[in-house]
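Biologist: I would like a close look at one part of this protein, please. Could you walk me through the metal site and then show me how the surroundings fit in?

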Amino acid sequence: MNLTINTERLMRELHHLASLTNCPPTSDASLPVPTQAVTRIVFTARDLEARAWLKGLADEAGFTVREDAIGNTFIRWHGSDATLCAVGTGSHTDAIPHAGMYDGTVGVLGGLEAMRALKESGFQPTRSLELLMFTSEEPTRFGIGCLGSRLLGSVLDPESADALLDRLPETDSNALEGLTLQQVREAADFNGSLASVALPKDYYSAWVELHIEQGPLLEREGIDLGIVTGIAAPASYRYTIEGFGGHAGALLMPDRRDALCAAAEMILSVERHARAANAAAGGVDAVATVGMVNVHPGAVNSVPSRVNLPLDIRDTDVDRRNSVMTAFHADIVAIERARQVRVTEELINADAPARSDKRIVEALEKICETENIRYKKMVSRAYHDSSFMAAIAPIAMVFIPCRNGVSHRPDEYSTPESIALGTRVLALAMAKLSSE
Ligand code: GLV
Ligand code: MN
Ligand code: MN
């Protein structure tokens, strides 16, 4: 097969997608070029614009497009045998606030380029090839990651999904604050029951997602490509800490039950327990993050009476993740007692790790060997939609290096050469899996 990835076209499209952002063009001279800060939150005008543009590209390439009730977008190249289930690829185009331009987008536009390049080479698939753009891989708006893929994989129950609340911070321009997912998706023209989103277990014969590594290992070790053998298990919680507020001058120190001071102790506690778990294991797999703090009433001269904070905790080993939580829970009880505050916990999700399929991993290894590509097998510490596609399909992922391991930042960067290489390997894998 004479396969040529059109790197120039793919990079042009990645840069166009990056321009569909709610961040103003960056003028930060301290950031390396090329850099574009990207904020593209699900079902905002920018997200809808990006979706319409992507569907236009799919039409132009001669693929068929369908959308489901949550806005997952399926771009299909029909194979010669319609009785066989498809080979899938895909990722997300939503981006957290002030993110980079490669997270997720490389898997979507790289997936599109892989299919187009195969088509242009004269290849004819036996199984259909399908690119999937997932709705809301990022948890920014509804508090839970991988909404679209959780529903596809029947990992999330449709009624509770539809009741999720829009949690974007209230701003003058954000009139949607406090709406349910059902209201928000219907306003974006995605109607119908979420129960219809689930895919049957035989929908895909194989699934491969292309993504930037989001960590430093490939670059550090001078390796071209990662083949993901498993994805770490994420969990997330939401905490409310209620204390007693009042005047910053007049409320005496002995009388204080400051909710933010209690929250600060909790943040340090979970960090300490994650570090201790790693030290005990001689590893680095336990990670715990509090990325937001919401303080009420939020005034410089008012003692905080209430704080909300999310916790994102992950590990390759669920037992170790649970042991960090057990130690954290004991600290919460002690903090409540010492500071006379009340802490309530809401579990958002506690997922298992995902494992890649041996057959697909071997197919990817074979391609790398034939193409003389330096690769390593590795785990993904970030979660991905593939984590939940694993519930209904044999999966694997392909990672490409990203500069300094940086991600979820505007200076996220992968070279065009790496992007093209990952896309080429994806195309070869899809072609091979299409005839198996
Ligand atoms: C995905 O964005 C993740 O947080 O791992
Ligand atoms: Mn991300
Ligand atoms: Mn991603």
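Modeller: Happy to. Let me begin a little way off the metals, with Ser205, which is buried at a relative accessible area of 13%. This serine belongs to strand β7, and that strand is a good thread to follow. Please keep in mind that this is a predicted model. Setting aside neighbours within four places in sequence, Ser205 is in contact with Cys85, Ala86, Val87, Arg127, Arg359 and Pro394.

Strand β7 covers residues 204-212, and His211 lies in it too. That takes us to the metals. The manganese ion (ligand 3) is coordinated by the NE2 atom of His211, the NE2 atom of His92 and an OD oxygen of Asp103, at 2.0 to 2.3 Å. Written as a sequence pattern, the spacing of these donor residues is H-x10-D-x107-H. Asp103 lies in the loop between β5 and α3 while His211 lies in strand β7, so the pair ties together parts that are 108 residues apart in sequence. Asp103 and His211 are both buried.

Asp103 also has a second partner. This residue bridges the manganese ion (ligand 3) and the manganese ion (ligand 2), and the two ions lie 3.7 Å apart. Around the manganese ion (ligand 2), the protein donors are Asp103 (OD), Glu138 (OE) and His408 (NE2), at 2.0 to 2.1 Å from the ion. Their spacing in sequence reads D-x34-E-x269-H. Here Asp103, in the loop between β5 (95-99) and α3 (105-120), is paired with His408, in the loop between β18 (395-400) and α12 (416-434), so the two tie together parts that are 305 residues apart in sequence.

The accessibility of these two donors is worth a look. Asp103 has a relative accessible area of 8%, so it counts as buried, the limit being under 20%. His408 has a relative accessibility of 35% and therefore counts as partly exposed. One caution for anyone setting up a calculation on this site: water is not among the atoms, so the coordination may look incomplete.

Next, some backbone details. Ser136 has a phi near 55°, a positive value in a residue other than glycine. The residue is found in the loop between β6 (129-134) and α4 (147-152), and it is buried, with a relative accessible area of 2%. Asn372 also has a positive phi, of about 55°, although it is not a glycine. Its place is in the loop between α10 (358-370) and β17 (375-380). In contrast to buried Ser136, Asn372 is exposed, with a relative accessible area of 70%. A further point to check in your input files is the peptide bond from His296 to Pro297, which is cis, with omega near 5°. Pro297 sits in the loop between β12 (294-296) and β13 (302-303).

Helix α10 also holds Glu365. This glutamate is buried, with a relative accessible area of 15%. Not counting residues up to four places away in sequence, Glu365 touches Ile227, Tyr375 and Lys377. Glu365 also gives a feel for distances across the model: Asn301 is 64 residues away from it in sequence, and their C-alpha atoms are 60 Å apart in space.

Finally, the setting as a whole. The chain has 12 helices and 18 strands. Its C-alpha atoms fill a box of roughly 80 × 50 × 45 Å along the principal axes. For 436 residues, a compact globule would have a radius of gyration near 22 Å, and the chain, at 23 Å, agrees with that. Of these residues, 53% count as buried. Among contacts with a separation of 6 or more, 78% are between residues 24 or more positions apart. The accessible surface comes to about 18300 Å², with 53% of it belonging to carbon and sulfur atoms. As for charge, there are 41 positive and 57 negative side chains, and the centres of the two sets lie 3 Å apart.

To come back to your request, the metal site can be read through Asp103, which bridges the two manganese ions. Its partners are Glu138 and His408 at the manganese ion (ligand 2), and His92 and His211 at the manganese ion (ligand 3).

Key. Residues are numbered from 1 along each chain as its sequence is written. Chains are lettered from A and ligands numbered from 1 in the order in which they are written. Side-chain values use heavy atoms; hydrogens and water are left out. Helices (H or I, at least four residues) and strands (E, at least two) are DSSP runs, numbered from the N terminus. The radius of gyration is taken over C-alpha atoms; the globule rule is 2.2 Å times the number of residues to the power 0.38. Buried means under 20% relative accessible area, exposed over 50%, partly exposed in between (1.4 Å probe, protein chains only). Contact means heavy atoms within 4.5 Å. Accessible areas come from the Shrake-Rupley method with a 1.4 Å probe; for residues, only the protein chains shown count as cover. Lys and Arg count as positive and Asp and Glu as negative; His and the chain ends are not counted. The place of a charge is taken as NZ of Lys, CZ of Arg, CG of Asp or CD of Glu. Donors are N, O and S atoms within 2.8 Å of the metal (3.2 Å for Na, K and Ca); water is not among the atoms, so sites may look incomplete.
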